[in-house]
Amino acid sequence: MPEQTEMPDAAQPDSPYAQLLAELRELAVLNSINSTLGWDQEVVMPPAAAALRGEQAAVLSTLIHDRRTSTRMGDLIAACKADAELKADPETDANLRRLRRDYDRAVRQPTELVREIAEVSTLAMHHWKDAREAGDFGAFAPWLEQLVKLNRDTADALGVPEGGEVYDALLENFEPGMRAAELDRVFGELRGGLVPLIRELRENGSRPDTEWMRIPLATEVQVAFNRSVVERMGFDFGAGRLDVSTHPFCEGAGPGDTRLTTRYEETELLSALHSTMHETGHGLYEQGLPKDRRFGQPLAEAASMGIHESQSRMWENFVGRSRPFWEWALPELKRHVGDGAVSGLDVDTVFRGLNVVEPDLIRIESDEATYNLHIMLRFDLERAMLRGDLSVADLPGVWNERMKSDLGLDVPSAREGVLQDIHWSMGAIGYFPTYTLGNLYAAQLWDALRVDLPDLDDQLRRGEFGGLLGWLRSHVHVHGRRYTAPELCERATGRPLSHEPLLRYLEGKLRPVYGLV
């Protein structure tokens, strides 16, 4: 039997609130099946099963949508919202406010549209994999055209927020309350500081040595090293696992089941480490949410994808590219590799090399400064596609032009260009901006936690991550969706979201790396 969910004293077993919580848990179980099927598709499903998986996803998504939008669900939420005693409990009131919002959005989406999106996106991901491998955008283009249209249909069904635009209706799925116009402002301020910093580093600085990164390392050694780092970070392998997929991801199916994936290249020494640390950051957030007590409730869900990305980007970069971390991690790496290729490596070389600023064709392999330019490009292009200002047929050409103007790079094929990311094949238009929002939130949280943990560098040097994880647990994870992302940011850091902490962090680290202090 599942553990009993905590309820206010007024919520007796047969009360509307108790019935609502039971409904929510059953919905969460159904969603966890969907999550497990998604993980299976990316990790172990045979290619010939793609059509069946599309049908499975369509049937299951329809079932979930019908339960989420049922009259019974609406009546239970209304009855609970009218209960003064429930409203008086802050956590319960937050639960009900989030549920009301979710229900109101869900009922606007026709069941047939939800079903079609599930089926088309499942098949599109399968065709994206083949197209990406072949570098053939034409093979994927018809699927992307369908998904752009379905996203427009979804936005029309949800409705454009007052004073907003079509993109805002989809952005709301990932970052509630955020608007494209606000992203324009914040991203513009960030770009205004990043571009001159990148230019100064590359034109006037001393470029760190990165040749050591090309030291080959057998996959099995990388797997063992990565697993040791993930375990040390605090990920519970008794309630999770780490596998391989085309595109790294994290799937938090439910209590006791959080699954990570990564990918390996034997020609690069640390090919998988930072993507693995990134996904582990997601996994630690999933394992830190109060799912044991509140599975299915908003209070056991992530505040937003921007906050989710703040956790992954913090572990990947603020920790994984720091000097103190490598004072612990380099001896660990040498222990796994043994005598030979890495025996001559020193901490300074690794630290400086990992913080080289050099435009890269691939988003997930980009440095901390140029990475955000990748996100801004994707935000601009998917927004233009949704508005009808950019056709799918013209997308590769515009992508290549922007890569040249923004990052100075020529794109040799669609594999290294427009086909590199899985997101559009999933139909996830509106997700990309959350990566840079995650960087912004991470920098601000990092400033705050370093005040509370003045000896954090010494802890990292010893490979002790419990203090950092504990702070994140108590300031971010435990709250679930009780607060919106801006509210959570201000509560944890004492100030609204700003681009300044991220720029200050990047300048403070990168200028010394390049000898410009």
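**Exercises on a pocket lining and a strand set**

By class, 7 nonpolar, 7 polar and 11 charged residues make up the lining of the second largest pocket in this predicted model.

**Exercise 1.** Describe the second largest pocket by its volume, its central residues and the elements that contribute to its lining.

*Solution.* Begin with the volume, which is about 760 Å³. Next, consider the lining of 25 residues: Met213, Glu268, Asp360, Glu365 and Ser366 are the closest to the pocket centre. Then assign the lining to secondary structure: helix 11 (273–288) and helix 15 (347–354) are the elements that give two or more residues to it. Finally, return to the classes: the lining has 11 charged residues, beside 7 polar and 7 nonpolar ones.

**Exercise 2.** Determine in which sense strand 1 and strand 2 each pair with strand 3, and give one residue pair for each case.

*Solution.* Take strand 1 (residues 240–244): it pairs with strand 3 in the parallel sense, over 5 bridges. Here Leu242 stands opposite Leu260 of strand 3. Now take strand 2 (residues 250–254): it runs antiparallel to strand 3, and 4 bridges join the two. In this case Gly252 has Thr258 of strand 3 as its bridge partner. Strand 2 and strand 3 form a hairpin with 2 residues between the strands, where Gly256 adopts a positive phi near 80 degrees.

**Exercise 3.** Establish whether strand 3 is mostly covered or mostly open.

*Solution.* Strand 3 spans residues 257–262. Apply the cut-off for burial, under 20% relative accessible area. By this criterion 5 of the 6 residues in strand 3 are buried, so the strand is mostly covered.

Conventions. Residues are numbered from 1 along each chain as its sequence is written. This is a predicted model: local features need pLDDT of at least 70, side-chain atom pairs count only at pLDDT 80 or more; totals for chains, interfaces and linings use all residues. Side-chain values use heavy atoms; hydrogens and water are left out. On a 1 Å grid over the protein atoms alone, a cavity is a set of points where a 1.4 Å probe fits but cannot get out, and a pocket is an open set with protein on both sides within 12 Å along at least five of seven lines; lining residues have an atom within 4 Å of a point. Grid points are joined across faces, edges and corners, and a volume is the space filled by probe spheres set on the points. Helices (H or I, at least four residues) and strands (E, at least two) are DSSP runs, numbered from the N terminus. Ala, Val, Leu, Ile, Met, Phe, Trp, Tyr, Cys and Pro count as nonpolar, Asp, Glu, Lys and Arg as charged, and the others, Gly among them, as polar. Buried means under 20% relative accessible area, exposed over 50%, partly exposed in between (1.4 Å probe, protein chains only). Two strands pair if DSSP finds at least two bridges between them.
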